[in-house]
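Here are some notes for a colleague who is about to work with this model. They take up the ligand site, then the chain as a whole, then two helices.

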Amino acid sequence: MPETQETKGNLIITGFMGTGKSVIGRAVAERLARRFVDMDTEIEARAGKRIRRIFSEDGEAAFRDMEARLCEELSSRDGYVIATGGGTLVAPRNRAVMREEDMLICLHAEPGDILRRVSGGEERPLLQVRDPRAEIERLLTLRQDAYAALPWHVDTSRLPVERVVERVLALAEARTVRTDYPGGAYHVQVGTGLLHHIGGALRAAAIPAGTRVALVSNDVVAPLYAAEVEQSLSAAYLHPFRCVVPDGERHKTLRTVSSLYEQFLAGGLDRTGLVLSLGGGVTGDIAGFAAASFLRGIYFAQVPTTLLAMVDASVGGKTGVDLRQGKNLVGAFKQPHAVVIDPQVLSTLADPELRSGMAEVIKHGIIGAPSLFGELEVLGRASQAPGNQPRLLSPEQLTRALRVKIDIVEEDPYEHGRRAALNLGHTVGHAIERVSGYTLRHGEAVSIGTVAAARIALRLGRAEHQLARRIESVLAAWGLPIRCEAPGHGPFRAEDVWQAMAHDKKRQADSLRWVLPLGIGRVIINVGVPKRLVLSVLREMGATGSVRSS
Ligand SMILES: NC(=O)c1ccc[n+]([C@@H]2O[C@H](COP(=O)([O-])OP(=O)(O)OC[C@H]3O[C@@H](n4cnc5c(N)ncnc54)[C@H](O)[C@@H]3O)[C@@H](O)[C@H]2O)c1
Ligand SMILES: [Zn+2]
């Protein structure tokens, strides 16, 4: 059973008159099966007269008092969708009763649209003037700062009602995982359609209106998603400029970081600025390191767009680049200020990349999410039926995969101990990546490495037969390799893999430490395994080499 999310707080929809608060609020409440309160309607019901008459008979101040009392009353309840009046949240006393668990969404519209929408309906007391359009513009300017102070914004001008409802729902249904690290915390938000709300996520993470944002992406991802992200940043009163890096691990270099510094300076980024990475693990590692070092460190946030980056690279704070001598040899710990994950972007990711990311998801299942592992077994089997494509994971499943990593890095932020558990499958995996001449993707190599770890655990008498079988079949069901070979390469030599492991760790191979699965949801770290046993397991998995070579 997926963990159910209890509804804490209210979903509050605010904005200027004519932005559609009531219509959108009612529709959203219906879709979420939550109760709906339209504050203006509620006040009219309690006063027994229309707002226009409250204004003319009792005065605006009396109306504002009733409004403030209602705000206070509603803030002691949970689970409501509330449409406020147009001026409600302009008043600091009303904003002050909002709680952290309330979600506040501000709707916007162009003055022309507002005028059109309000002219048909009931009379608006604030627009009883000669030139209503000029009055709308005057009031909008007057309230601009108050609206800009709110985190989440949705522009309704060019969107049909259903699309606005979708965007609000994307926010309401997003999952938030808080991640603590020494000296701070950040939120990871996961939800379909969140790409439209990245600006809001940053604002909610206390990035102030007016901040300059260096949007770092590569030449594959930028054309797909950068414009949408920029729009969302601007709508949240942030000032983005685009910085592009070339695609591919071979560009994860100091040279690319240096080209980013140039682009940051050209874009006017200063100490108050933020670097936002939009891309896979490569982009995140480069952009994060640039953010950690530019002006001795400025704000950093991530929008991971590959499955691997979503469940692995985007949290934990490790950033860095490769040197000619090896991968990730230069880097820094740089915690993000926010991470926003929109699984929808996976629809453009190539299948092999998706599969490669699944290896890490499955790995997380083995390390600490048995229920997720079980669901992956079922989904994997279903996708093997003829005509069935591998299924995408739900935001909720992604969140559980991610939570395994978050829990571990919270416990061991600087990789002194427990974090080693995340290296399940990586001892053999890294070696196989190298021996394959990097023709195997990281995840594919990790898949083979995970099978090796399970078989070693079995041979050491630490795990049951059944465990290795389950692990192998779920990996295979998701299209991942489980034998010690690569297409076009044939079987690897067991001895070569061993040598590569020794090289990888830059130390004597006999001091290699292993992460082994003992059960689904249970791994043990720091196990010494005799070379003889490792070679024998690799051969059992199809590697070549005579038994005597050990
Ligand atoms: N910092 C960490 O903790 C950490 C953890 C694991 C891995 N990593 C690093 O991550 C890197 C691998 O990351 P990766 O697998 O995401 O590779 P990647 O960033 O190279 O992305 C893979 C490919 O997919 C493309 N792409 C990305 N998103 C796309 C989308 N939505 N639609 C279409 N194409 C898209 C990319 O342009 C690239 O060509 C490695 O450098 C590794 O060292 C870092
Ligand atoms: Zn990995």
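1. Which residues come nearest to ligand 1? Of the 25 residues around the ligand, the ones that come nearest are Glu 249, Gly 281, Thr 305, Thr 306 and Thr 348. Please keep in mind throughout that this is a predicted model.

2. Three side chains place a polar atom beside an oxygen atom of ligand 1, and their distances are worth listing separately: for Thr 306 the separation is 2.6 Å, for Asp 247 it is 2.8 Å, and for Lys 327 it is 3.5 Å. The ligand, taken alone, exposes 860 Å², of which the protein buries 85%.

3. As for where the shell around ligand 1 comes from, the elements that give two or more residues to it are the helices α10 (221–235), α12 (281–293) and α13 (307–313), together with strand β13 (326–333). By residue class, the shell divides into 9 nonpolar, 7 polar and 9 charged residues.

4. Turning to the chain as a whole, its secondary structure comes to 21 helices and 18 strands, and its C-alpha trace spans about 100 × 50 × 45 Å along the principal axes. The protein chain has 550 residues, and buried residues make up 53% of them.

5. Helix α1, which covers residues 21–32, has 12 residues that should span 16 Å at 1.5 Å a residue, and its end C-alpha atoms are indeed 16 Å apart, so the two values agree. Buried in this helix are Lys 21, Ile 24, Gly 25, Val 28, Ala 29 and Leu 32. Seen down the axis of α1, these buried residues fall within an arc of 130 degrees, and they therefore line one face of the helix. On the other side of α1, Val 23, Glu 30 and Arg 31 are exposed.

6. Helix α11, residues 254–266, can be read in a similar manner: from the first C-alpha to the last, its 13 residues reach 18 Å, close to the 18 Å expected at 1.5 Å a residue. Which residues of α11 are buried? They are Thr 256, Val 257, Leu 260 and Phe 264, and because they fall within an arc of 100 degrees when seen down the helix axis, they line one face of α11. The other side of α11 carries the exposed residues Arg 255, Glu 262, Leu 265 and Ala 266.

7. A general remark bears on both helices. An α-helix has 3.6 residues a turn, so residues three or four places apart point the same way.

Methods. Residues numbered from 1 in each chain as written. Chains lettered and ligands numbered in written order. Predicted model: local features only at pLDDT ≥ 70, side-chain atom pairs only at ≥ 80, totals over all residues. Heavy atoms only, no water. Near = heavy atom within 4 Å. Polar contact = N/O pair within 3.5 Å; in protein donor to acceptor, adjacent residues only side chain to side chain. Areas by Shrake-Rupley, 256 points an atom, 1.4 Å probe, with all protein chains shown as cover. Helix = DSSP H or I, 4+ residues; strand = E, 2+ residues; numbered from the N terminus. Nonpolar A, V, L, I, M, F, W, Y, C, P; charged D, E, K, R; others polar. Expected span 1.5 Å × (residues − 1). Buried < 20%, exposed > 50% of the residue type's maximum accessible area, 1.4 Å probe, protein only. Arc of directions from axis to C-beta.
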